[in-house]
Amino acid sequence: MRELSLHILDIAENGITAGATCIHILVDEARSGNLLTLKIEDNGRGMPTDKLEKLKDPFVTSRTTRRVGLGLPLLAAAAERCDGSIDVKTKPDIGTEVLATFAYNHIDRAPIGDMASTITTLILGNPKVDFVYTHIIDGNDFILDTRELREDPDDLLLSDPMVIYHLTQSIRERLSNLATNQT
Amino acid sequence: MAKLTIDDLKKIKEQTSKATSLRHGDANVKVTVHMGTCGIAAGAREVMNALMEEMAEADRQDIRVVASGCMGMCSSEPNVTIERQDGEPIVYQHMDSNRMRQVFKRHVLLGEVQTDFALAKM
């Protein structure tokens, strides 16, 4: 994976596959503290504990389409080579929380990449799932909560390609403002 | 705190020159972008971006886009499946943004299967 935003897309899709109806995504860039935190929380069916122990083993997976599962092992490897770590908490029928930390200035840390595309790809591809996206840069935050953007559960505003296109531009603009500290 | 609200989204909608009516009824075309770890690593998000842009340009009300997981054919990722009501579902392989644009313009809009990029009929 070339960008951390692709890892986020991947882990979030796992949550959706696990039957989640709402996914919380947090990106916290504490540049002054040299710490990057990613958190992806879903309310899906959770993982069995025996799977959790073998999380970093790519040959353990609950899928049936093929015998390897690389999503979490790849994220774990990405975090660990940047002096970071990964922590996964899971409860049956409550959901799963994936927390990954990175040394922000580590030379091997992949760029965060295009978060706006990740978020709108998730929104467009999964119209029945809600997303709460929080991006913090040095304490200033940006929040996108699709639950607030839908007036009623059947609101189709977020499946309109025109709206999605402009939403992507809008998120990109907000994030670049956040990075340059003009909120 | 910077928050994107429903008003912002409505403004976004108003900014778009074309009237975007809400979608009703059945979809005539379903476009599935396979987004497993393999697909994402191979560039499925870029394919999805191209698809979003083409959708916004075409402004058609009867096309549905769905993200799905890996279908087990990781070596041919990114894969995209096109299901038109008047034809068999076609899986395309090794997609990129240019291929996606061509498949959208030819197959999704006009019904011409792009056999050069096709992996299989389902």
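Start by selecting B:Asp116: with 8 C-beta neighbours inside 10 Å, this residue counts as exposed. (Buried means that 20 or more other C-beta atoms lie within 10 Å of a residue's own, exposed means 12 or fewer, and partly exposed is in between, with C-beta atoms placed from the backbone.) You will find B:Asp116 in the loop between helix H4 (97-110) and S6 of chain B. Now add B:Gln93 to the selection: the two residues are 23 apart in sequence, and their C-alpha atoms are 9.6 Å apart in space.

Before you move on, a word about what is on screen. This is a predicted model, in which local features need pLDDT of at least 70 and side-chain atom pairs count only at pLDDT 80 or more, while totals for chains, interfaces and linings use all residues. Residues are numbered from 1 along each chain as its sequence is written, and chains are lettered from A and ligands numbered from 1 in the order in which they are written.

**Stop 1: chain B and its sheet**

Colour chain B by secondary structure and you should see four helices and six strands. (Helices, H or I with at least four residues, and strands, E with at least two, are DSSP runs numbered from the N terminus.) From the N terminus on, the elements run β-α-β-α-α-β-β-β-α-β. Of the 122 residues in this chain, 36% count as buried.

Next, pick out the open sheet of five strands, whose order is S3-S2-S4-S5-S6 in chain B, with mixed pairing. Strands S3 (63-68) and S6 (118-121) of chain B stand at the edges with a single partner strand each, so one side of each has no neighbour in the sheet. From one strand to the next, the twist averages 20°. (Axes are lines fitted to C-alpha atoms, for helices over the stretch in contact, and angles run from 0 to 180 degrees between N-to-C directions.)

Zoom in on strand S4 (residues 80-84) and strand S5 (residues 90-92) of chain B, which run antiparallel and are joined by three bridges. (Two strands pair if DSSP finds at least two bridges between them.) Which residue of S5(B) is the bridge partner of B:Val80? Select B:Tyr92 to see that partner.

Just before this part of the chain, look at B:Pro78, in the loop between S3 and S4 of chain B. A cis peptide bond joins B:Glu77 to B:Pro78, with omega about -10°. For comparison, most peptide bonds are trans, and most residues other than glycine have a negative phi.

**Stop 2: where the chains meet**

Show helix H4 (residues 115-125) of chain A, which lies across strands S2 (29-34) and S3 of chain B and runs at about 115° to S3(B). Then select the residues with the most contacts inside the largest nonpolar core, which has 74 residues: A:Ala12, A:Ile119, B:Val31, B:Val33, B:Val47, B:Leu51 and B:Val80. (Such a core is a set of buried Ala, Val, Leu, Ile, Met, Phe, Trp, Tyr and Cys residues joined through C-beta atoms within 7 Å.)

Centre the view on B:Leu51. Beyond its neighbours within four places in sequence, B:Leu51 is in contact with B:Val31, B:Val33, B:Val65, B:Met100 and B:Phe104. (Contact means that the C-beta atoms of two residues, placed from the backbone, lie within 7 Å.)

**Stop 3: chain A**

Chain A has six helices and six strands. Its C-alpha atoms fill a box of roughly 40 × 40 × 25 Å along the principal axes, and 44% of its 183 residues count as buried.

Select helix H3 (residues 71-80) of chain A: seven of its 10 residues are buried, so the helix is largely enclosed by the rest of the structure. Among the buried ones are A:Gly71, A:Leu72 and A:Pro73. The buried residues of H3(A) pack against helix H1 (4-17), strand S3 (85-91) and strand S4 (95-103) of chain A, together with helix H2 (37-42) of chain B.

Follow the chain into the loop between H3 and S3 of chain A, where A:Asp83 lies. This residue is not a glycine, yet has a positive phi of about 55°. A:Asp83 is partly exposed, with 14 other C-beta atoms within 10 Å.

**Last stop: a strand with two partners**

Highlight strand S1 (residues 22-30) of chain A. S1(A) pairs with strand S5 (residues 130-137) of chain A in the parallel sense over eight bridges, and A:Val27 stands opposite A:His135 there. With strand S2 (residues 35-42) of chain A, S1(A) pairs in the antiparallel sense, over eight bridges; here A:Glu29 stands opposite A:Leu36.

Finish at A:Asn34, in the hairpin of S1(A) and S2(A), which has four residues between the strands; its phi is positive, near 55°. With 12 C-beta neighbours inside 10 Å, A:Asn34 counts as exposed.

Technical notes:
Two strands pair if DSSP finds at least two bridges between them.
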